[in-house]
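Dear colleague,

Please find below the structure I promised to pass on. My notes on its salt bridges and overall form follow.

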Amino acid sequence: MAASGEIKVTILDCGKMTADLTWLLLKPGRSIRPRQMRDQPTEWADVPTHTVLVETPDGTILWDTSCPRDWEERWGPTGLQDFFPYEKVSEEEYLDSRLSQIGVSTDQIDYVVLSHLHFDHCGNADMFKDSSAKLICSDKEKDWAFGFDGLFNGAHLKTDYEDLNWETVSGDTEFLPGVTLLQTPGHTPGTMSMQVDLPDSGTMIFTSDAVYMGESYGPPTTPAAIVNDMGQFYSSVEKIRGVAEKTNATVVFGHDAEQIHQLKTVGNGGGHYT
Ligand SMILES: [Zn+2]
């Protein structure tokens, strides 16, 4: 674990879902076709998923939990397993494998912070059910995720989170020294981003689904098909951009198939940010 005064960030790349690019990027000429492109096939894209371990002198955080091994069965009631199959994943890429590769057990994690409760971020939260880790999400996300009737609503699937004890944060919060949770709603009512201020690597902002990929960030910003509130979505992207410009941050997008290969990740030979 981190020595006093140090923060260490490790990005755990956890394989890829695949999907019609239109879900991620509502972009004329790319995912939305003009008549000249009407006969071209749908662009089917890799949708990588990652989690982030943040070790600090004041506690260890796991940011997001990626998709579960039993995705096909678990997501079955939603029908979305055919739209976002978690099919480009190898044995060593599942979250539990990644954690054991870096020698971290669930008991060494103090906080599991969920950017939001969609099934591809919250899918392994139940790994921590009997651990000492506290499960954290935004108050608005919890209210929404527990507030609808039935088993699922879009990619919110109660099986992932309803039997777990959630603690919530409200507003922008310095969660631990050097780690700030930013409210960046729009994708869902309580989507958060995580800002980590590192002595050597500088500031990193993990946007999760507030910004899917570099092409979403722009400028100009490109929205996705799954946005709960479009006005909030645009405001949140500009909020992230403002913080990023002020801190000269590295912005790590939620599901960017090109960027994930440019980052230091466990699968890219390890590597940490300090
Ligand atoms: Zn999402």
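**Salt bridges and overall form**

In this predicted model, Glu 215 and Arg 30 form a salt bridge whose closest N and O atoms lie 2.1 Å apart. The two partners come from distant parts of the chain, with their positions 185 residues apart: Glu 215 belongs to helix α5 (residues 214-217), whereas Arg 30 sits in the loop between β1 (8-20) and β2 (44-56). Because partly exposed residues are those from 20% to 50% relative accessible area, Glu 215 at 26% falls in that class, and Arg 30 at 27% does as well.

A further residue of interest is Arg 74, which forms a salt bridge with Asp 126, the closest N and O atoms being 3.3 Å apart. This pair, too, links distant parts of the chain: Arg 74 is in helix α1 (residues 71-74) and Asp 126 is in the loop between β4 (111-113) and β5 (134-138), 52 residues away. Arg 74 counts as buried because its relative accessibility is 13%, under the 20% cut-off. Asp 126, in contrast, is partly exposed, with a relative accessible area of 34%.

Arg 74 also meets the side chain of Asp 160 in a salt bridge, at 2.7 Å from N to O. Here helix α1, which holds Arg 74, is linked to helix α4 (residues 158-161), which holds Asp 160; the two residues are 86 positions apart in the chain. In this pair, both Arg 74 and Asp 160 are buried.

Elsewhere, salt bridges with shared partners join Lys 27, Arg 30, Glu 43 and Glu 215 into one network. The search of the whole structure finds 12 salt bridges.

Turning to the chain as a whole, its secondary structure consists of seven helices and 13 strands. The radius of gyration is 18 Å, close to the 19 Å that the globule rule gives for 274 residues, so the chain is as compact as a globular protein of that length. Along its principal axes, the C-alpha trace spans about 60 × 40 × 35 Å.

Buried residues account for 55% of the 274 residues. Of the contacts with a separation of 6 or more, 70% are between residues 24 or more positions apart. The accessible surface is about 11,600 Å², and carbon and sulfur atoms contribute 46% of that area. Finally, the chain has 20 positive and 42 negative charges, and the mean positions of these two sets are 6 Å apart.

With kind regards

Notes:
Residues are numbered from 1 along each chain as its sequence is written. This is a predicted model: local features need pLDDT of at least 70, side-chain atom pairs count only at pLDDT 80 or more; totals for chains, interfaces and linings use all residues. Side-chain values use heavy atoms; hydrogens and water are left out. A salt bridge is a side-chain nitrogen of Lys or Arg within 4 Å of a carboxyl oxygen of Asp or Glu. Helices (H or I, at least four residues) and strands (E, at least two) are DSSP runs, numbered from the N terminus. Buried means under 20% relative accessible area, exposed over 50%, partly exposed in between (1.4 Å probe, protein chains only). The radius of gyration is taken over C-alpha atoms; the globule rule is 2.2 Å times the number of residues to the power 0.38. Contact means heavy atoms within 4.5 Å. Accessible areas come from the Shrake-Rupley method with a 1.4 Å probe; for residues, only the protein chains shown count as cover. Lys and Arg count as positive and Asp and Glu as negative; His and the chain ends are not counted. The place of a charge is taken as NZ of Lys, CZ of Arg, CG of Asp or CD of Glu.
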